[in-house]
Amino acid sequence: MKTIALIIGHSAKRGGAANKTHGINEFQFNEPLAHCVAEKLMLYGFDPIIVYRDSSYSKLPKKVNQTGADIAVSFHCNAFNDKANGSETLYYKYSLTGLILAASIQKEVVQCLGLKNRGLKPCVASYKGKAGNRGGLLLQKTSMPCVIVEPFFIDSDSSLELVQERFEDLAKAYALGIKNFFSGDV
């Protein structure tokens, strides 16, 4: 049985980006979503583990590694200018398996939501002394393939409303992307 670490981005105290109109932040959106994805994964025979960030971001990779999971998926939402839209998935730049996992999930999320496909984004924590990308630390320091999913821009009212309508379908898309990754059907 494959174990999947589902990481809820941010924390209850520091909720991440937010939508002003609807009064919801990344953590508030992604906590129930991660639990819904976990239910769907169990139907496919996977063993999901929900991971919360307790303290500093720098300690999160160690906490994820302690799960012994086969892969990790971190749930986030983008934000920019209340108008941008689209779906993207981040992976560790030097992980071919992470790239394949990202592609598998991205395909299902884009198909589900129908938002602009912003693609797969390679990330690093640091490279030759230069600062890396946001999220790069988690992607680089986990002992298993790990991706960060950004299915939509939470600050866009129209995107948030669409995703709320398709909430259950989005959970199914994540689970199917993970299932397809393990079955090699990418």
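## A mixed sheet and its helices

Ile7 stands opposite Val51 in β4, and that pair is a good place to step into this predicted model. Around it, six strands form an open sheet with mixed pairing, in the order β4-β1-β5-β10-β6-β7. The edges are β4 (47–52) and β7 (117–123), each of which pairs on one side only. On average, neighbouring strands of this sheet are turned by 20 degrees against each other, direction ignored. The points below go from strand β1 to the helices, and then to a few residues in loops and in α1.

**Strand β1 and its partners**

- Strand β1 covers residues 3–8 and strand β5 covers residues 71–75; the two pair in the parallel sense over five bridges.
- Within that pairing, Ala5 is placed opposite Ala72 of β5, and Leu6 has Val73 of β5 as its bridge partner.
- With β4, β1 also pairs in the parallel sense, here over six bridges.
- How many of the six residues of β1 are buried? The count is six of six, so β1 is mostly covered, given that buried means under 20% relative accessible area.
- In a regular strand, side chains alternate between the two faces of the sheet.
- In β1, both faces are covered: Thr3, Ala5 and Ile7 are buried on one side, and Ile4, Leu6 and Ile8 are buried on the other.

**Helices on the sheet**

- Helix α1 (residues 26–43) packs on the sheet and touches β1, β4 and β5. The direction of α1 makes about 165 degrees with that of β1.
- Helix α3 (residues 96–113) lies across β5, β6 (87–92), β7 and β10 (146–150). Relative to β6, α3 runs at about 170 degrees.

**Where α1 meets α6**

- Helix α6 (residues 167–183) packs against α1 at an angle of about 55 degrees, and the two axes are 8 Å apart.
- Why do α1 and α6 count as oblique to each other? Their angle of about 55 degrees is neither under 35 degrees nor in the range 65 to 115 nor over 145, so the pair falls into the oblique class.
- The crossing in which α1 passes α6 is right-handed.
- From α1, the contact takes in Phe29, Pro32, Leu33, Cys36, Val37, Lys40 and Leu41. From α6, the residues they meet are Phe167, Glu168, Leu170, Ala171, Lys172, Tyr174, Ala175 and Ile178.
- By class, the residues of this contact divide into 12 nonpolar, no polar and three charged.

**Glu26 and Tyr44**

- Glu26 belongs to helix α1. Is Glu26 buried or exposed? Its relative accessibility is 4%, which is why Glu26 counts as buried.
- Leaving out residues up to four places away in sequence, Glu26 touches His10, Gly15, Gly16, Ala17, His76, Cys77 and Ile154.
- Tyr44 sits in the loop between α1 and β4. With 38% relative accessibility, Tyr44 counts as partly exposed.
- Residues up to four places away in sequence aside, Tyr44 touches Ala175, Leu176 and Lys179.
- Tyr44 and Ile105 are 61 residues apart along the chain, and their C-alpha atoms are separated by 15 Å.

**Loop residues to look at**

- Most residues other than glycine have a negative phi. Two loop residues are worth a look on that score.
- His10, in the loop between β1 and β2 (18–19), has a positive phi near 70 degrees without being a glycine. The relative accessible area of His10 is 21%, so His10 is partly exposed.
- Asp82 is not a glycine either, yet its phi is positive at about 70 degrees. Asp82 lies in the loop between β5 and β6, and a relative accessible area of 41% makes Asp82 partly exposed.
- Where is Arg53 placed? Arg53 is in the loop between β4 and α2 (60–65).
- Arg53 has a relative accessible area of 19%, and because the buried class covers values under 20%, Arg53 is buried.
- Beyond its neighbours within four places in sequence, Arg53 is in contact with His10, Ser11 and Leu60.
- His10 therefore links two of these lists: Arg53 is in contact with His10, and Glu26 touches His10.

How values were computed. Residues are numbered from 1 along each chain as its sequence is written. This is a predicted model: local features need pLDDT of at least 70, side-chain atom pairs count only at pLDDT 80 or more; totals for chains, interfaces and linings use all residues. Side-chain values use heavy atoms; hydrogens and water are left out. Two strands pair if DSSP finds at least two bridges between them. Helices (H or I, at least four residues) and strands (E, at least two) are DSSP runs, numbered from the N terminus. Axes are lines fitted to C-alpha atoms, for helices over the stretch in contact, and angles run from 0 to 180 degrees between N-to-C directions. Contact means heavy atoms within 4.5 Å. Buried means under 20% relative accessible area, exposed over 50%, partly exposed in between (1.4 Å probe, protein chains only). A crossing is left-handed if the near helix is turned anticlockwise from the far one by less than a right angle, and right-handed if clockwise. Ala, Val, Leu, Ile, Met, Phe, Trp, Tyr, Cys and Pro count as nonpolar, Asp, Glu, Lys and Arg as charged, and the others, Gly among them, as polar.
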